[in-house]
Amino acid sequence: MISNSIGADIHTHVLPGIDDGAENTDISLRLIASEKEMGVTDLVLTPHFNMSDISLEDFLSRREEAFSALSESLKETEALADMRFHLGAEVRYDPNLIKLDLEKLCIGNTSYLLLETTGSFPFNFENTLSFMLSRGITPILAHIERYEYLRKDIPFLKRLIDSGVLLQCNASSVFGKSRSSTVIKLIKRGYIDLLASDCHSPAYRPPNLSKAYKKLKKESERLIKNSLKVVNDKLI
């Protein structure tokens, strides 16, 4: 059963003007209001980071500017005052990521890193993930339902899970037509650890966690608890 709180949304594009998510602070505030109305207490802000397009330093500077603009707008919105925000990133996989100070891209002050993979099987994937884990960083593979080489290779998924990698899927895939049966099966088998909205705008990919949790019923409690473990840097 779902309580009034549905924990954290660990994958969002709410920060204004930094990627293909919220265009401005007005849209950011609308998205945050929708999240709060659903029962989300903690919002992780994960703009796209691709080391091929921007340096880590420039990305962090742009993220800070966007968060400062959002924070100023939030001061005038008392109804959202109790929402908790955590800076992070949706990091595009690159084997050269291991050369960066990845702790700066992790969620808040945690060891969790949201990692977006590529359309085809990535070069040196397992070795790179293993290196991250050896440095105390826990990769969360974002919206794994998008990637056929992950979705259909259960032995490979199991190997990643056993190594300590976590899997996230988007809420829309729970009630979508094309992949819902596969996603729900993976959730029930315990392979998927986290559900998130990956929200971008009120009209296109809005916050939708509550709808997914209602469909999942008894599976929701574990996923909600896991989302809070992430933002509080607890082990899953």
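**View 1: Pro16, a buried residue in a loop.** Pro16 has a relative accessibility of 11%, so it counts as buried (under 20% relative accessible area is buried, over 50% is exposed and anything in between is partly exposed, using a 1.4 Å probe and protein chains only). You're looking at a predicted model, where local features need pLDDT of at least 70 and side-chain atom pairs count only at pLDDT 80 or more, while totals for chains, interfaces and linings use all residues. Residues are numbered from 1 along each chain as its sequence is written, and side-chain values use heavy atoms, with hydrogens and water left out. Pro16 sits in the loop between strand 1 and helix 1 (helices are DSSP runs of H or I with at least four residues, strands are E runs of at least two, and both are numbered from the N terminus). Leaving out residues up to four places away in sequence, Pro16 touches Ala22, Asn24, Thr25, Ser28, Ala66 and Leu70 (contact here is heavy atoms within 4.5 Å). Ser120 is 104 residues from Pro16 in sequence, and their C-alpha atoms are 30 Å apart in space.

**View 2: Where helix 1 crosses helix 2.** Helix 1 and helix 2 (residues 56-74) pack at about 65 degrees, and their axes are 10 Å apart (axes are lines fitted to C-alpha atoms, for helices over the stretch in contact, and angles between N-to-C directions run from 0 to 180 degrees). That makes the two helices roughly perpendicular (65 to 115 degrees; under 35 is roughly parallel, over 145 roughly antiparallel, and the rest oblique). Helix 1 brings Thr25, Ser28, Leu29 and Ile32 to the contact, and helix 2 brings Ala69, Leu70, Ser73 and Leu74. The crossing is right-handed (the near helix is turned clockwise from the far one by less than a right angle; anticlockwise would be left-handed).

**View 3: Helix 3 beside helix 5.** Here helix 3 (residues 125-134) and helix 5 (residues 154-163) pack at about 15 degrees, with 11 Å between their axes. The pair is therefore roughly parallel, and the crossing is right-handed. Phe125, Glu126, Leu129 and Leu133 of helix 3 meet Phe156, Arg159, Leu160 and Ser163 of helix 5.

**View 4: The two sides of helix 3.** Phe125, Thr128, Leu129 and Met132 are the buried residues of helix 3. They share one side of the helix because they cover an arc of only 100 degrees around the axis (the arc is that of the directions from the helix axis to the C-beta atoms). An α-helix has 3.6 residues a turn, so residues three or four places apart point the same way. On the other side of helix 3, Asn127 and Ser134 are exposed. The buried residues of helix 3 pack against strand 6 (112-116), strand 7 (138-141), helix 4 (148-151) and helix 5. Just past the end of helix 3, look for Gly136, with a positive phi of about 85 degrees.

**View 5: The buried side of helix 8.** In helix 8 (residues 209-216), the buried residues are Leu209, Ala212, Tyr213 and Leu216. Their arc around the axis is only 100 degrees, which puts them on the same side of helix 8. They pack against several elements, including strand 1 (8-12), helix 1 (25-38), helix 7 (180-188) and helix 9 (220-231). Lys217 follows helix 8, and its phi is positive, near 55 degrees.

**View 6: Positive phi in two loops.** Most residues other than glycine have a negative phi. His143 isn't a glycine, yet it has a positive phi of about 30 degrees. His143 lies in the loop between strand 7 and helix 4, and its relative accessibility of 0% means that it counts as buried. Arg205, also not a glycine, has a positive phi of about 60 degrees. Find Arg205 in the loop between strand 9 and helix 8; this residue is partly exposed, at 26% relative accessible area.

**View 7: Ser180 in helix 7.** Ser180 is buried, with a relative accessible area of 13%. Not counting neighbours within four places in sequence, Ser180 is in contact with Ser173, Val174, Phe175 and Lys215.

**View 8: Cysteines without disulfides.** The structure holds 0 disulfides (a disulfide is a pair of cysteine sulfur atoms within 2.5 Å). Cys199 is in no disulfide, and its nearest cysteine sulfur, that of Cys169, is 15 Å away. Cys199 is buried at 0% relative accessible area, and Cys106 is buried at 2% relative accessibility.
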